[in-house]
Amino acid sequence: MKTLILIFLVNLFLLRASGQQLTEIQKQAFLDRHNYWRAKTGASAMRWSDTLAAAAQKYADFLALKCNVLKHSHDDDYGENLYWGSRNDPTEIVDLFAGERVYYHREMITERGVHKYGHYTQMIWPQTTEVGCAFARCGNGLYYFCVCKYNPFGNIIGEKAVK
């Protein structure tokens, strides 16, 4: 009986936070919107990476288990953008990242500045060639985490995102 209760509780815990496998339409929406903003700066188009998407899914699932902490992973060599909220529309989320463009004026990246515009500059970083994103829903059912990973990473202090 104790074993059945333990199995039930473990399964319940695992169901609390659920990763959401992206559809091909969602993947394309993430990619298209990133490339829309990149084109405005003259940066070349990125391609979708299932490897990056898998890394993003792993971290989104981890964040959704806690469902109260929005903290960068720092556990790989990829750039990373995070979102936490009630939206799960790829275009809206990428546009939220791009909203930081009003704070970036083509200056060199600084530690202080990256906190204001870092989501945007990571998206448009000219050397970045790949992106992969993922969603996970919190156990409360109200919030989503979105993680986007970028390869190679951007936001290098002392360099510019736009030449």
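**Reading a predicted model, feature by feature**

Guide: Let's start with R106: its relative accessible area is 45%, so R106 counts as partly exposed. The cut-offs are under 20% for buried, over 50% for exposed, and partly exposed in between, using a 1.4 Å probe and protein chains only. Keep in mind that this is a predicted model, where local features need pLDDT of at least 70 and side-chain atom pairs count only at pLDDT 80 or more, while totals for chains, interfaces and linings use all residues. Residues are numbered from 1 along each chain as its sequence is written, and side-chain values use heavy atoms, with hydrogens and water left out.

Visitor: How many helices and strands does the protein have?

Guide: There are 5 helices and 5 strands, taken as DSSP runs numbered from the N terminus (H or I over at least four residues for helices, E over at least two for strands). Along the sequence they come in the order α-β-α-β-α-β-α-α-β-β. Of the 163 residues, 41% are buried.

Visitor: Back to R106. What is the phi of R106 near?

Guide: The general idea first: most residues other than glycine have a negative phi, and most peptide bonds are trans. R106, in the loop between α4 (90-98) and α5 (111-124), has a positive phi near 65°. N155, in the segment after β5, is another non-glycine with a positive phi, about 55°. C67, which follows α3, has a positive phi near 60°. As for peptide bonds, the one from N151 to P152 is cis, with omega near -15°.

Visitor: Is Y104, in that loop between α4 and α5, buried or exposed?

Guide: Y104 is buried, because its relative accessibility is 7%. Its C-alpha is 8.3 Å from that of Y120, though the two are 16 residues apart in sequence.

Visitor: Now helix geometry. What should helix α3 span, and what is the distance between its end C-alpha atoms?

Guide: The expected span is 1.5 Å times one less than the number of residues. For the 17 residues of α3 (residues 50-66) that gives 24 Å, and the end C-alpha atoms are 25 Å apart, which agrees. At the N-terminal end, S49 acts as a cap, with a side-chain oxygen 3.3 Å from the backbone nitrogen of T51. For such polar contacts, the N or O atoms must be within 3.5 Å; within protein one must be able to donate a hydrogen and the other to accept it, and sequence neighbours count only if both atoms are side-chain atoms.

Visitor: Which residues of α3 are buried?

Guide: An α-helix has 3.6 residues a turn, so residues three or four places apart point the same way. In α3, the buried ones include L52, A56, Y59, L63 and also Q57.

Visitor: Which strands does β4 pair with?

Guide: Pairing needs at least two DSSP bridges between the strands. β4 (residues 130-137) runs parallel to β2 (residues 47-48), with 2 bridges, and W48 has V131 as its bridge partner. With β5 (residues 144-151) the pairing is antiparallel, over 8 bridges, and R137 faces Y144. The β4-β5 hairpin has 6 residues between the strands, and G141 there takes a positive phi near 75°. β4 is mostly covered, with 7 of its 8 residues buried.

Visitor: How many salt bridges does the count come to?

Guide: 7, where a Lys or Arg side-chain nitrogen must lie within 4 Å of an Asp or Glu carboxyl oxygen. One of them joins E130 and R47, whose closest N and O atoms are 3.8 Å apart. E130 sits in β4 and R47 in β2, so the pair ties together parts that are 83 residues apart in sequence. Another joins K149 and E80 at 2.7 Å, N to O. That pair links distant parts of the chain, K149 in β5 and E80 in β3, 69 residues apart. K149 is buried at 1% relative accessible area, and E80 is buried at 10%.

Visitor: Which residue is linked with E24 and K27 in a network of salt bridges?

Guide: That's D50. E24 and K27 both lie in helix α2, 3 residues apart, about one turn, and their side chains meet at 3.2 Å, N to O. E24 is exposed at 58%, whereas K27 is buried at 17%.
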